[in-house]
Amino acid sequence: MKKVNTRMLSEKEWQELLKNQFKGSLECNVPMKNHTRLAIGGPADALAVPDDPLSLKNLIVTLKEQGIPFMTLGSGTNMLVRDGGIEGMVIMLQAFNRIEMIKEYEDSVEIFVEAGLLWQKLVNYCKGKGYAGVEGLTGIPGTVGGAIYGNAGSYGYETKDVIDTVAIMDQHGMLERFKVEGLRFDYRTSSISGGNIILSANMRMKKDASESVSMRTEDFFRDRREKQPLAEKSAGCVFKNPKGSSAGKLIDETGCKGMSIGEIQVSPVHANFFVNRGNGTAVDYLNLMEHVSVNIQKRCGITLEPEIKIVGRN
Ligand SMILES: Cc1cc2nc3c(=O)[nH]c(=O)nc-3n(C[C@H](O)[C@H](O)[C@H](O)COP(=O)(O)OP(=O)(O)OC[C@H]3O[C@@H](n4cnc5c(N)ncnc54)[C@H](O)[C@@H]3O)c2cc1C
């Protein structure tokens with residue numbers, strides 16, 4: 001099969017490729033800096049937002065048949081896209097945003113939530129209803145899909161702890177529902193690999209007094225606001241915490257807090273956040289990561305591992 005050069009395809013050619021089997025929006029040459037919280041990243045060859053699961057299935061079956069690479073993007077809050085952009089197609093699930101209580105037990109509830117829903121909407125829903133389980137995860141930006149994929153966590157809470165089942169569409173368009181025990185979740189990672197798309201999850205929350213859930217949620221949010229540069233353009237923590245230590249503390253102690261390369265700065269508020277002060281580039285961001293990790297390796301003998309997802313062409 002002749003490899004399709006997706007960089008050269010027009011919107012009309014993409015539509016022809018999809019043989020009218022796709023409902024949703026489709027754009028070509030889309031700057032990823034408009035779709036990432038860091039506001040960095042060259043153009044994706046195409047960006048599709050399917051309206052429904054069948055359109056998503058038809059889309060990925062076609063892409064697979066044509067050998068066109070694709071990736072799923074949530075809200076781009078944990079993502080550094082390189083300056084050369086993304087080959088093939090980026091798929092976003094904004095239309096998959098339902099949340100519903102599906103079963104009530106004596107002391108818990110089961111909630112169905114779609115992957116494109118903003119995570120904070122789930123937190124606010126639980127806060128309003130008195131459902132406990134995600135209070136410490138308040139203020140984490142991004143989508144439900146992104147949180148499940150990376151097992152987002154904070155203040156001792158982890159996404160995996162409230163998951164019952166996850167519905168995943170594989171690279172061939174097959175939909176399968178997995179029990180949480182059938183998946184592997186670890187510190188900021190899961191066994192759900194890049195080509196598989198999370199569509200929804202059933203989550204189990206404990207019933208509690210809504211004032212108590214609300215108070216805990218607000219306390220965690222207040223603490224987060226004091227410690228993190230929430231209003232800045234960042235991708236959250238750059239590096240994972242090494243065992244028994246804190247990456248932010250190490251970066252601070254080795255004198256890198258506040259340091260800049262180009263318009264990317266190690267945040268003076270939280271040293272494990274790198275912020276884009278204006279029109280920073282991925283090259284500057286990666287150079288700053290390299291500088292900081294070499295420094296820590298030399299002084300502490302610790303190799304830092306990235307927490308952010310780095311994608312795209314150089
Ligand atoms: C200010 C700030 C604070 C943060 N605080 C925290 C924190 O306390 N704890 C924490 O864990 N993270 C934190 N983050 C990082 C980030 O918000 C989380 O990792 C979030 O869960 C990412 O969600 P997203 O939708 O933006 O994912 P994206 O950044 O869009 O994508 C991240 C990864 O998930 C994959 N993905 C997304 N959706 C799907 C899907 N439906 N199916 C398959 N794969 C998918 C993408 O392909 C990518 O590999 C913070 C970020 C910021 C900017």
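A residue counts as buried when its relative accessible area is under 20%. In this predicted model, Gln228 has a relative accessible area of 18% and is therefore buried. Gln228 is located in the loop between α5 and α6, the latter spanning residues 247-253. When neighbours within four places in sequence are left aside, the residues in contact with Gln228 are Val269, His270 and Phe273.

Thr138 is a second loop residue of this kind, placed between β8 and α4. Its relative accessibility is 1%, so Thr138 is also classed as buried. Not counting residues up to four places away in sequence, Thr138 touches Gln120, Val123, Thr217, Phe220, Phe221 and Arg224. Thr138 and Arg222 are separated by 84 residues in sequence, while their C-alpha atoms are 9.8 Å apart in space.

Val123, one of the residues touched by Thr138, belongs to helix α3, which comprises residues 119-129. The buried residues of α3 are Trp119, Leu122, Val123, Tyr125 and Cys126. These residues lie on the same side of α3, because the arc they cover around the axis is only 160°. Lys121 and Gly128, by contrast, are exposed on the other side of α3. The cover over the buried residues of α3 includes strands β6 (99-104), β7 (108-114), β8 (131-132) and β15 (197-207). Helices α4 (144-149) and α5 (210-227) are also included in that cover. Gly130, just after α3, adopts a positive phi of about 80°.

Two open sheets are described next. One consists of four strands in the order β1-β2-β5-β3, with mixed pairing. Its edges are occupied by β1 (24-31) and β3 (70-73); each has a single partner strand, so one side of each is left without a neighbour in the sheet. From one strand to the next, the twist averages 25°. Strands β2 (residues 43-50) and β5 (residues 86-92) run parallel and are joined by four bridges. Within this pair, Ala48 stands opposite Ile91 of β5. Helix α2 (residues 53-66) packs on the sheet and touches β2, β3 and β5. The direction of α2 makes about 165° with that of β5.

The other open sheet has three strands in the order β16-β17-β18, and its pairing is antiparallel. Strands β16 (260-261) and β18 (274-276) are at the edges, each pairing on one side only. Two bridges connect β16 with β17 (residues 264-266), the two strands running antiparallel. Ile261 is positioned opposite Ile264 of β17. Helix α7, formed by residues 282-300, packs on this sheet in contact with β16, β17 and β18. An angle of about 30° separates the direction of α7 from that of β17.

The ligand is surrounded by 34 residues, of which Thr72, Gly74, Thr77, Thr143 and Gly153 are the closest. A polar side-chain atom of Thr143 is found 2.7 Å from an oxygen atom of the ligand. Backbone atoms also take part in polar contacts with the ligand: a polar backbone atom of Gly74 is 2.8 Å from a ligand oxygen atom, and a backbone N or O atom of Ala147 is 3.4 Å from a ligand oxygen atom.

Conventions:
Residues numbered from 1 in each chain as written. Predicted model: local features only at pLDDT ≥ 70, side-chain atom pairs only at ≥ 80, totals over all residues. Heavy atoms only, no water. Pairing = 2+ DSSP bridges. Contact = heavy atoms within 4.5 Å. Axes fitted to C-alpha atoms, helices over the stretch in contact; angles between N-to-C directions. Buried < 20%, exposed > 50% of the residue type's maximum accessible area, 1.4 Å probe, protein only. Arc of directions from axis to C-beta. Near = heavy atom within 4 Å. Polar contact = N/O pair within 3.5 Å; in protein donor to acceptor, adjacent residues only side chain to side chain.
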